[in-house]
Structure formats: C-alpha cells, structure tokens
Amino acid sequence: MALDRLSARKALQNHIDHPLLETPFHPRIEALSRSQEWYVWAGYRAPLSLTDEEMEYTALRNSCGVFDISPMKKYRISGPDAEAFLDYVMVRNVAKLGIDRVHYTCWCNDFGHVIDDGTLFRFGPESFRLCCQERQYEWLSDAADGFRVNIEEETRAVAGLALQGPTSCRVLLNAGFSGVEALRPFQLARFPHEGGEIVISRTGFTGDLGYEVWVSHDAALSIWDRLFSAGALHGIQAVGYGALNRCRIEAAFIVPNQDFMTADHVLRPDRARFPDEIGLDWLVDPAKPYFNGRRAILEAREGKGLRHVLVGLEVEGNVPADGAIVYHRGKHEAGIVTAGIWSPMAKRNIAIASLDRPYGSDITKDFFVEIYALREGRYHKLMKRATIVSRPFVKLERRTKTPPDDF
Amino acid sequence: MTSCDAIVIGGGHNGLTAAALLAASGRKTILLEASAHLGGAARTEEIAPGFRASGPAHLVNRLDPSVIRALKLDTACLSGKALPTAILDLAWGPALVRGAYGEVVEGVTPEEARAFAALREKLFFQASLLKRFLARTPPRLGKTSLGDMKDFALAGLSLISQGREEARDMLRMLLMNVADIADEYLSDDRLKALLAFDATLGIHLGPRSPTSLLGLYYRLTGETNGLPGAQYLPRGGIGSLARAFEDAARRAGAGLRTEAPVTRILSRQGRAEGVELAGGERISAPLIVAAIHPKAAFLSLAAPGEMDAGFRKQIRNIRSRGNVAKLDLALREMPRFTGVKPEDHEARIVIARNIRHVEEAFNPAKYGAYSPDPVMEITLPSLSDPSLAPQGAATLSALVQYAPYELKEGWETGKPAFLKIILDCLDRHAPGLSSTVIAARLLTPPDIEAEYRMPGGHWHHGELQVDQLLINRPVDRASSYATPMEGLYLASAGAHPGGGLSGLPGLLAARHILSGGR
Ligand SMILES: Cc1cc2nc3c(=O)[nH]c(=O)nc-3n(C[C@H](O)[C@H](O)[C@H](O)COP(=O)(O)OP(=O)(O)OC[C@H]3O[C@@H](n4cnc5c(N)ncnc54)[C@H](O)[C@@H]3O)c2cc1C
C-alpha cells in the first residue's frame with residue numbers, strides 16, 4: 001500500500017528527468033541542432049544557436065530565419081471592460097488600437113516604473129492578447145479588480161514562430177497563406193490550417209520584414225513542417241537567440257532585464273526605470289484617461305525625477321562594447337553599455353547604453369567606453385571613443401513596404 | 001450640475017467636524033449623508049415605543065478638547081457625572097474603578113489598590129507621550145517636517161526626564177500584550193479582567209495576543225471634561241452629541257443633506273471632480289472629503305481605473321472585520337445586578353471574570369464562531385436620564401465581544417442563539433432580567449455594516465493594530481489625509497488617529513487641507 005503510493009508519487013515526479021520545459025516545436029529544433037547550444041528562456045530549453053550564429057544571422061537578414069517564440073508569456077484578456085482595463089494598465093492608448101492590429105506597449109507600477117514591455121494584439125472589440133517577457137498574471141489580476149474582464153493564461157496553449165527576413169512573405173505564400181502579402185506592419189489576419197485557424201501578424205523583433213505565426217499547441221509540428229517544406233528553396237533556416245539578438249540590437253529594440261531592470265526584479269530602489277528613462281516616452285499618452293503610474297510619471301517629468309537616459313552609441317574600432325562602462329572625457333563615469341555588437345549590416349560598432357543624466361541629456365559629447373577585451377588569457381583594456389547616434393542603427397525600407405518585394 | 005467648493009461624503013461626527021471647519025474657512029461646503037440621520041454610528045433611535053437607545057456607540061470617553069474648541073461644540077449633554085466602572089464577580093462582589101480611570105478603586109485590598117495606582121500612573125505617563133502623535137497628521141517618511149521633529153524631540157525629552165528606567169520600560173512595554181502587563185502588576189482578577197477587556201474592545205485581538213496593550217494606551221489617550229480615561233453617558237443618548245456636531249456644522253454654514261447617498265466619486269485623469277448621488281444627481285467640487293470607511297471610498301465610490309492598482313490592492317487588504325455586537329433592551333423595570341449597590345447601577349458594568357475569560361471568549365472568533373461565554377460592558381442609560389424610557393421602565397445598552405463579522409454558521413441562525421447566550425449571562429448577574437424584556441435589538445457586525453454603512457461593522461473603520469497605525473493608517477500612501485487621487489481626502493475613523501468619538505480624524509483632515517498640505 002505504502003509502496004504503491006510511493007511509486008505513484010515517483011511517477012508524477014518525472015519532471016526531474018526534464019528539468020527544463022520544452023516548447024511544442026522542440027522535437028524539430030532538437031533534430032536540427034548541430035551545435036547543441038542551449039540556454040534557459042523562462043524555464044524553457046531554447047536554442048542559442050543550432051548550427052552557426054553567423055549563418056543564422058545571415059539567414060535572418062538575407063532569406064528567412066525562424067525563431068521559436070513560444071516561451072513568451074501570453075494572456076488572453078476579454079470581456080466588456082477589456083479595452084478600458086487595458087487602457088488603464090498600459091501607458092499607451094489602447095482605444096486607438098484597431099481590431100486586427102497589434103501595438104508595442106509597456107506598463108508601469110504605481111511608482112511609474114516599468115514592469116515589462118510587450119505586444120498587444122486586438123482580435124475584436126472585447127478580445128485582446130498580451131504577449132510579453134515576464135509573468136504578469138498576478139499583476140493583471142490584481143489590477144482587474146472592479147473591471148468586467150477575464151484574464152486567461154495561454155502561454156502553453158499557444159505556440160509561436162517568428163519568420164523574419166526578406167523571403168519570409170514568399171515562404172508564407174508558398175505555404176498557401178495567400179493574402180499575407182497584404183498585411184501592413186502591425187496588422188494581423190486569420191488563416192485556415194488543418195481544419196483549424198491560425199493567426200499571422202506582421203510583427204517581429206528584427207526591424208526587418210517579418211511575421212509571427214500563432215498556433216494552438218497541437219498544431220505546432222504540422223505548421224512547422226508546412227513552413228519548412230514551403231521554404232526549402234527560399235533559404236528558410238531555424239535560428240537561435242544569438243542571431244536574433246544581433247538583429248534586435250541593430251533595430252535598437254530593448255530586452256527587459258538586459259537593457260533595463262523590470263520593476264518587479266530590482267532590489268535596489270534606484271534601479272527601476274521610468275518609460276522615459278529607457279526610450280519609451282513616446283508610448284506614454286498623458287491625454288488619455290488615467291492609467292497606472294500616470295501620476296508618478298508626470299511628477300517625474302515635471303520635477304527632477306528622470307535620472308537616466310537610453311542612448312545609441314557608435315564605438316570606434318570593431319571590438320563589441322557589451323557590458324562596458326561609459327565615461328565622460330575618460331574621467332567621470334556616465335553609465336553602462338547594456339548591449340553591443342559589431343553590426344554586419346551597418347558596418348559599425350554599435351551599442352545601446354544607459355546613461356545617468358545629465359550625461360546623454362544635456363552633455364552629449366566626449367564619451368569613451370572602457371572595453372576589456374580578453375585575448376588569449378589576458379585582458380586588453382581599450383578606451384574607445386563613443387558617439388551618441390540616432391536609433392535604430394539599421395533602418396530597412398522592406399520592414400514597412402506593402403506588399404513586400406517578391407523573390 | 002450644482003457646484004460648490006467642497007463636498008463632504010458621510011455625516012458621521014468626523015464628517016460634520018470636517019464640514020464645519022471647511023465651511024468656516026469660507027468654502028461653500030455641502031455634506032452628503034446617505035441615511036435619514038446625521039451622526040453616523042452615534043445616533044439615538046427608538047427601539048420600542050417610548051424607549052430610546054444609543055446605537056451602536058454608547059459612551060463618550062475620548063471627545064478631543066481641540067475639537068470642542070475648534071467647533072465651539074456645545075457639550076451640555078456631557079454635564080453629568082463621570083461613570084465609574086463596576087467589574088462584576090459573583091463570588092467576591094464587584095470591584096469599582098472610579099473617576100479618571102481609577103483615581104479611586106474600591107472593593108479590593110489596599111495593596112491591590114496601590115498596585116493599580118502604580119500601574120495606572122505608568123500607563124498614563126506613557127499614553128501622554130503617545131497622545132502627542134495622535135493629535136497631529138502623522139509624519140511622512142522621507143519628508144519629516146520641523147513639527148514632526150519637534151514632537152519626536154519633546155516626546156524623547158519627557159521620556160528621558162522620567163529617568164532612564166522609565167524610558168527603557170516604555171520601549172519594553174509598547175508592543176507587549178496586556179495580559180502580561182496586568183499579571184506583572186496586579187493580582188486581583190477583576191482589575192486584570194478590566195484591563196484585558198478595555199484593551200481589546202473593538203479590536204480583533206485577545207489579551208494574550210502580542211501588541212494588545214496598544215488598545216489600552218489608545219483608550220487612555222482619551223479624556224472627557226479634563227479627566228483622562230473617564231467616560232460619560234450623554235444626556236438624551238449618544239445622538240445628543242451628534243446633534244452638537246450637527247449644530248456646529250450648521251452654524252459654520254455647511255449645507256447638510258440627508259438621504260443623499262453618494263454612489264460615485266467622479267474624477268478625470270486621477271483628479272476628483274465631484275460626486276454622483278443615487279438618483280443620478282451630480283455635484284461638482286474641486287475638493288472631496290470622504291468621511292466614510294476607506295474601503296467604501298476607494299473601492300465602491302471611486303472608479304477602479306482612476307487609482308493605481310497597487311494602491312487599490314493595499315486598500316483591499318485593510319483588515320476591517322468587526323467583533324463587537326450591540327444589544328439594546330427595553331425593560332419593564334430597572335434591573336438589579338447582584339452585589340452592586342443601587343447608586344452604582346449608573347456605572348459602566350463589565351462582565352469579565354479574569355484574563356482567561358476574555359482570552360477564551362476571543363478564541364472562537366478566530367475560527368468564525370461567537371463566544372459561548374462572552375464578555376461585555378453594560379450601561380443602564382435611563383437610570384440617569386429617565387427621558388429615555390417610559391415611567392418605571394428601563395433601557396439597557398451593552399457592547400458584547402466576540403461576535404465575528406463572518407460567522408461560519410451564518411448570523412441568521414447565529415443571532416437568536418447568541419442573543420439567548422447574552423440574556424442567560426445577564427440573568428446570572430441580574431436574576432430575572434430576561435423576563436422583563438419588552439423589546440430587544442441585537443446588532444451584529446453585518447447588521448452594523450448595513451445599518452450604519454460601516455464596511456465590516458468595525459469600530460475603527462479598520463483594525464487599530466500596529467501595522468495599520470500612524471504612517472500606515474489606513475495605508476501608507478493615504479496616511480496624511482491626502483490620497484493618491486488628487487482632490488480626494490479621507491476624514492473618517494479609518495484615517496489617523498482612528499475610531500471612537502473623538503472628532504480628531506475630521507479635525508486633522510480639515511486642518512491638513514486648509515494648510516495646503518503642510
Ligand atoms: C459596535 C460599536 C460600538 C461602538 N461604541 C463606541 C463607544 O461607546 N464610544 C465611542 O467613542 N466609540 C464607539 N464606537 C466607535 C465609533 O462609533 C466610530 O469610531 C465612529 O462612529 C466613527 O465616526 P465617523 O464619523 O468616522 O464614521 P461613522 O460614524 O461611521 O459615519 C459615517 C457616515 O457616513 C455615511 N455614509 C457611508 N457611506 C456613504 C455614502 N456612500 N454616501 C453618503 N453617506 C455615506 C454613513 O451613513 C454614516 O452616517 C463603536 C463602534 C461600534 C461599531
């Protein structure tokens with residue numbers, strides 16, 4: 001009896017054999033992975049690269065890279081007050097988000113500090129999906145008190161694939177999703193697949209032509225196979241985070257807990273950030289009805305509450321400045337580089353940095369970055385001149401062109 | 001849409017205080033009260049033909065002198081005698097605590113009387129230091145003002161002036177439980193029981209719960225007619241006192257409207273702009289003072305999208321479940337309590353045998369059951385004020401602990417059962433009392449919630465415990481009467497310094513508003 005119970009319990013504890021979750025696409029990714037380079041993304045086993053980061057980057061920029069975004073947190077928000085509720089949670093004006101449209105947004109705690117950023121999909125007058133990096137169920141539920149909304153966690157139920165790159169539209173057309181070419185940036189549409197329905201949105205994280213395909217958990221493998229057989233002649237290639245990260249830096253997109261610390265993660269009070277301090281001031285709509293953190297954000301704007309600024313840097317030389325300290329005139333510490341690469345597209349050494357005002361706001365010249373380049377067992381300390389430049393570092397016409405060029 | 005300079009929501013004594021002061025400052029002020037009566041929980045009501053009772057508050061013990069001065073409050077109804085307290089004991093007879101919380105104690109040994117005097121002196125001294133902080137807006141963390149510093153310094157100085165020992169002892173005692181202190185100083189169970197009862201009345205703690213001594217300090221910070229810790233029965237019932245507040249507000253020129261329940265606080269982009277009444281009528285004003293329970297103000301009246309979510313969560317988490325039931329009896333004749341001299345029937349009569357009795361009465365309340373052997377304080381208001389009952393008849397008013405807000409079995413069946421328990425208890429101490437009952441009104445916390453619009457039916461509009469005091473009353477971001485909603489202020493018992501008929505929350509809120517937030 002006792003033994004029975006024990007073995008029954010043991011059977012339920014097989015998570016120990018699989019300490020990391022696997023996305024519904026995992027069998028295909030695992031099969032393609034030659035480099036076996038993995039990292040942990042929100043509890044999931046996710047590829048850093050599958051073959052070679054350079055080749056994957058090249059696919060993203062020249063043909064069609066496929067990146068599994070299933071670990072993104074997804075919440076379905078619906079009900080008669082869904083719009084009013086989201087308008088209250090988000091700094092951006094949700095009333096202006098049209099049906100079958102998507103927009104990028106962020107949300108703040110009571111003190112105006114950014115909790116997370118993400119994309120908001122609108123499927124109907126009362127139906128939305130929020131897609132983001134961090135778990136938000138608790139925050140959303142707390143905030144929903146008094147609103148007639150239903151919040152459903154659908155991270156596991158919905159799988160997602162990003163198809164990014166110049167041939168991505170062609171791949172989707174080959175796969176039979178005709179009409180996809182008419183999608184404008186941030187527009188979405190539904191398509192039939194295997195008796196069910198999938199959603200394709202013209203969105204992505206590369207600053208390029210690209211789409212995100214959203215399917216139910218059980219349709220994941222069939223959609224993968226459909227896309228890969230359709231894309232064989234158009235350079236479709238599964239990519240890992242390393243290549244994607246390069247593209248997003250070129251596009252100057254920020255990553256929570258990388259380029260800024262999210263409000264729920266910081267321990268030190270000065271580490272949280274207002275939207276304005278991470279380049280998201282353009283999202284904030286003070287003219288709309290009250291939203292969470294509004295008072296604090298506006299007070300910070302009026303007073304001296306904004307202490308940091310996010311900037312793009314061009315660094316001399318070709319050594320990536322990732323993690324480097326930024327100095328003003330080589331003497332005064334002015335901030336830190338949160339992401340930096342040599343950009344093959346821009347042919348420049350680029351970086352995203354967080355500077356402490358007045359550096360970056362009033363003082364905009366004479367910056368240096370201190371790079372520690374590890375060369376065969378020894379650090380070479382490099383003081384490289386850095387110039388504030390406009391973002392994005394790479395701006396591609398094909399990102400917005402509709403219909404996209406065909407291949 | 002009508003408009004004015006200031007709207008006060010809630011016509012309890014705190015709302016009336018705030019309205020009087022705002023109107024006196026020249027602001028066109030309208031007070032809106034939901035019920036047909038002003039005074040909030042301080043009302044005199046007819047419970048049977050010819051019988052009038054106070055409900056649910058019945059005794060005055062902390063009406064603040066600064067409120068009397070600021071409102072020029074007519075306190076004629078308090079011109080009677082300070083009531084003694086008689087703690088009953090069927091075996092030993094009652095102990096009597098007279099004057100300002102026991103200037104004289106009778107019915108105990110001379111040693112015990114001396115021990116009580118020593119403890120009383122110590123508690124009054126400590127309470128006098130705490131009182132300083134109850135009489136002003138709580139300090140704000142990180143924004144401590146000169147006035148705050150002055151008060152900290154003065155409190156520190158008077159503490160040190162009593163010698164290092166006293167200072168150390170106060171720090172030791174501050175967060176202790178009342179039972180341990182009573183055991184340390186006293187040996188008479190009746191006196192210990194009184195302290196245990198008084199420390200926990202209206203608070204969800206038993207005498208052995210940590211920090212329960214704070215409730216006693218709070219009581220001792222109150223004074224009436226210059227006597228600290230003294231208690232009075234207002235002539236004409238507690239409603240007479242409410243009438244005095246009402247008159248003060250009228251004199252100052254405030255417009256007082258009854259049967260005007262506010263259903264919404266109107267706001268735009270987080271700024272209060274007015275209110276909407278049940279009939280749909282709207283009144284606009286740049287200044288709204290909510291002299292009602294904080295949960296009612298923020299969760300029922302303000303739109304959810306107009307305040308930050310973290311703040312609203314804090315408000316939801318305010319603990320505010322009442323524990324006290326109010327019993328009013330219309331009696332055919334004046335009851336006789338065993339062992340109590342006829343003239344001492346005017347006393348506040350406390351039924352609590354010992355600390356353990358109070359503690360054991362508390363235990364079931366933790367699990368959603370009423371006390372099978374409750375503790376209570378009783379007054380016989382018609383004895384000193386015959387106008388409250390027909391000739392020869394009498395009224396009895398009692399506050400009974402513990403009667404949890406959320407009764408597991410439900411109050412529908414619980415209420416008659418609890419009433420029987422209380423009447424049985426009264427019969428034990430005043431034989432035959434229950435057979436003279438003409439009418440009985442028992443108000444449980446849910447009744448009080450419904451009848452007086454006090455969420456939870458809680459004495460203080462929110463537990464008066466250490467985590468909900470001072471800079472955390474009702475929550476940190478609304479602790480200085482201003483709230484995260486611009487133009488909306490709090491002024492009820494739920495705000496600092498807390499409940500009881502003191503008028504201080506209303507006074508301090510109005511002063512804070514009139515001083516422009518300094
Ligand atoms: C059982 C019990 C016994 C008590 N006994 C005593 C005692 O003996 N002595 C003592 O000093 N204290 C006693 N108290 C405490 C005391 O009654 C309260 O602390 C005090 O009444 C608080 O006053 P207030 O003005 O802040 O609020 P309240 O007296 O609660 O007044 C609030 C007013 O606002 C009105 N209101 C609420 N919502 C709305 C709305 N939406 N629109 C318009 N109006 C609204 C209500 O109808 C009410 O009139 C007792 C409390 C209880 C529960």
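Reader: What makes the pair formed by the ligand and His13(B) a polar contact?

Author: A polar backbone atom of His13(B) is 3.2 Å from an oxygen atom of the ligand. A polar contact is a pair of N or O atoms within 3.5 Å; within protein, one must be able to donate a hydrogen and the other to accept it, and residues adjacent in sequence count only if both atoms are side-chain atoms. Therefore the pair at 3.2 Å counts. This is a predicted model: local features need pLDDT of at least 70, side-chain atom pairs count only at pLDDT 80 or more, and totals for chains, interfaces and linings use all residues. Residues are numbered from 1 along each chain as its sequence is written, chains are lettered from A and ligands numbered from 1 in the order written, and side-chain values use heavy atoms, without hydrogens and water.

Reader: Which backbone atom lies 2.7 Å from a nitrogen atom of the ligand?

Author: A backbone N or O atom of Leu59(B). Val262(B) has a polar backbone atom 3.0 Å from a ligand nitrogen. The protein covers 98% of the 1000 Å² of accessible area that the ligand has on its own (Shrake-Rupley method, 1.4 Å probe).

Reader: Why is strand S18 of chain A called mostly covered?

Author: Six of its eight residues are buried, which means under 20% relative accessible area (1.4 Å probe, protein chains only).

Reader: How do you know that S18(A) and S19(A) pair?

Author: Pairing needs at least two DSSP bridges between two strands. S18(A) and S19(A) have eight, in the antiparallel sense, so they pair. Val369(A) stands opposite Lys384(A) in S19(A).

Definitions and conventions:
Buried < 20%, exposed > 50% of the residue type's maximum accessible area, 1.4 Å probe, protein only. Helix = DSSP H or I, 4+ residues; strand = E, 2+ residues; numbered from the N terminus.
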